[in-house]
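Here is a note for a colleague who is meeting this structure for the first time. The points below are numbered so that each can be checked in turn.

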Amino acid sequence: MKKIAALLVSFFCWTSSFAQIDSVQVLIDSLEASLHYEQGEIGLRNGLGTLVVPAGFRYLNGEQSRYVLEELWGNPEDTVVMGMIVPENTGVLGDDSWAFIITYEEMGYVKDDDADDIDYEELLDEMKTDATAENEFREKEGYETIEIVGWASKPFYDEGKKVLHWAKEIRFGQNEFNTLNYNVRILGRKGVMIFNAVAPMSELAQVQKSISPVLASFTYADGVKYKDFDPELDDVAAWTIGGLVAGKVLAKAGILAVLLKYIKLIALGVGAIGTGIWKWYKRKTELPTVRNLDQSDKA
């Protein structure tokens, strides 16, 4: 928070319009107060399942999450996000802020019979090579280059729970601090539920500590669980466990690009927050209101 405060103070010093603002913290508190955090049981859209917000966390629905991601963190508009789980003791504007971004990809039934055969070190080398090759495209699109430093947590597939998780340490451009991208995929009948934690690397221990309660918080609805797969009716995904980790097919589908947008802005969050505060100040009477959504729309 000190870094953000220092940045905003310097920003306000050369902007005379902010002369009447007594405290940077007042602005940050006002933005935080505009968000409608939820707890308890959340019904995810399209009847996919339910989320019981774990202890120590708060939930933002899809509308609020997109406001944070797009307006405060500076990401392009996108409607994929279903919600966010935010630690209770941090806000979205803190210097150490992080969150689990929740999305769902209806990619078909993902077969898991290759899980024990994957050489994850070889896969990591391939991913590093792919990231380097794609940097020219990223720069043209206005994003910083990406370097995959290595595994922050080596891929692990829990066959009993049908859950895949792994974490990468990523460096964006010449940023001094690296970014943690912790991926969790919960396999279902027609696709995967994605919990993507984006955080500073310094928060790795806290994110890892949170994985179990976050996983326990989500339950697929009857009829869409992995065990409900019907080979006569359902499509099989074009890739398996290794493909999910590598991300190549996901990138073609546009999913990886979406997630990287969010990861990037966490790494650059201090600058983005300055932009968000400016937007907020210019239209502070026009902040989006939170509708009283029924359970089916809350994500």
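1. A residue is called buried here when its relative accessible area is under 20%, and by that cut-off G62 is buried, because its relative accessible area is 2%. G62 belongs to helix α3, which covers residues 62–72. In space, the C-alpha of G62 lies 9.7 Å from the C-alpha of R45, while the two residues are 17 apart in sequence.

2. Please keep in mind throughout that the model is predicted. The protein contains nine helices and ten strands, and of its 299 residues 53% are buried. When contacts between residues at least 6 apart in sequence are considered, 65% of them join residues at least 24 apart. The accessible surface amounts to about 14200 Å², and carbon and sulfur atoms account for 49% of that area.

3. How many strands make up the open sheet with the order β3-β4-β5-β9-β8-β7-β6? There are seven strands in that sheet, and their pairing is antiparallel. The edges are formed by β3, residues 57–61, and β6, residues 146–158, each of which pairs on one side only. From one strand to the next, the twist of this sheet averages 20 degrees.

4. At the β3 edge, the neighbouring strand is β4, residues 83–87, which runs antiparallel to β3 and is joined to it by five bridges. A reader who wishes to locate this pairing can begin at F57, whose bridge partner in β4 is P87.

5. Two helices deserve attention in relation to the seven-stranded sheet. Helix α4, residues 120–140, lies across β6 and β7, the latter being residues 163–172, and α4 runs at about 140 degrees to β6. Helix α5, residues 204–217, packs on the sheet and touches β3, β4, β5, β6, β7, β8 and β9, with its direction at about 15 degrees to that of β8. For orientation, β5 covers residues 99–105, β8 covers 179–187 and β9 covers 192–200.

6. There is also an open sheet of three strands, arranged in the order β1-β2-β10 with antiparallel pairing. Its edge strands are β1 and β10, the latter at residues 218–220, and each of these pairs on one side only. Neighbouring strands in this sheet are turned against each other by 20 degrees on average, direction ignored. Three bridges join the antiparallel strands β1 and β2, and the bridge partner of E41 in β2 is V52. Helix α5 packs on this sheet as well, touching β2 and β10, and its direction makes about 35 degrees with that of β10.

7. Most residues other than glycine have a negative phi, and two residues in loops should be looked at with that in mind. N46, which is not a glycine, has a positive phi of about 60 degrees, and it lies in the loop between β1, residues 41–43, and β2, residues 49–52. Is N46 buried or exposed? N46 is exposed, because its relative accessible area of 71% is over the 50% cut-off. K162, also a residue other than glycine, has a positive phi near 60 degrees, and K162 is found in the loop between β6 and β7.

8. The structure holds seven aromatic pairs. One of them is formed by W98 and F100, which meet edge-to-face with 5.6 Å from centre to centre and 70 degrees between the planes; both W98 and F100 are buried. Why is the pair of F218 and Y220 edge-to-face? Their planes stand at 75 degrees, which is over the cut-off of 60, and so the pair, with ring centres 4.8 Å apart, is edge-to-face. F218 counts as buried because its relative accessibility is 7%, and Y220 is buried with a relative accessible area of 8%.

9. Ring pairs also link F57, W98 and F100 into a cluster, and F57 is the residue already met as the bridge partner of P87. A contact of another kind involves R58, whose charged end sits over the ring of Y37 at 3.7 Å from the ring centre.

Definitions and conventions. Residues numbered from 1 in each chain as written. Predicted model: local features only at pLDDT ≥ 70, side-chain atom pairs only at ≥ 80, totals over all residues. Heavy atoms only, no water. Helix = DSSP H or I, 4+ residues; strand = E, 2+ residues; numbered from the N terminus. Buried < 20%, exposed > 50% of the residue type's maximum accessible area, 1.4 Å probe, protein only. Contact = heavy atoms within 4.5 Å. Areas by Shrake-Rupley, 256 points an atom, 1.4 Å probe, with all protein chains shown as cover. Pairing = 2+ DSSP bridges. Axes fitted to C-alpha atoms, helices over the stretch in contact; angles between N-to-C directions. Phe/Tyr/Trp six-rings, centres within 6.5 Å; stacked < 30°, edge-to-face > 60°. Lys NZ or Arg CZ within 6 Å of the ring centre and 35° of its normal.
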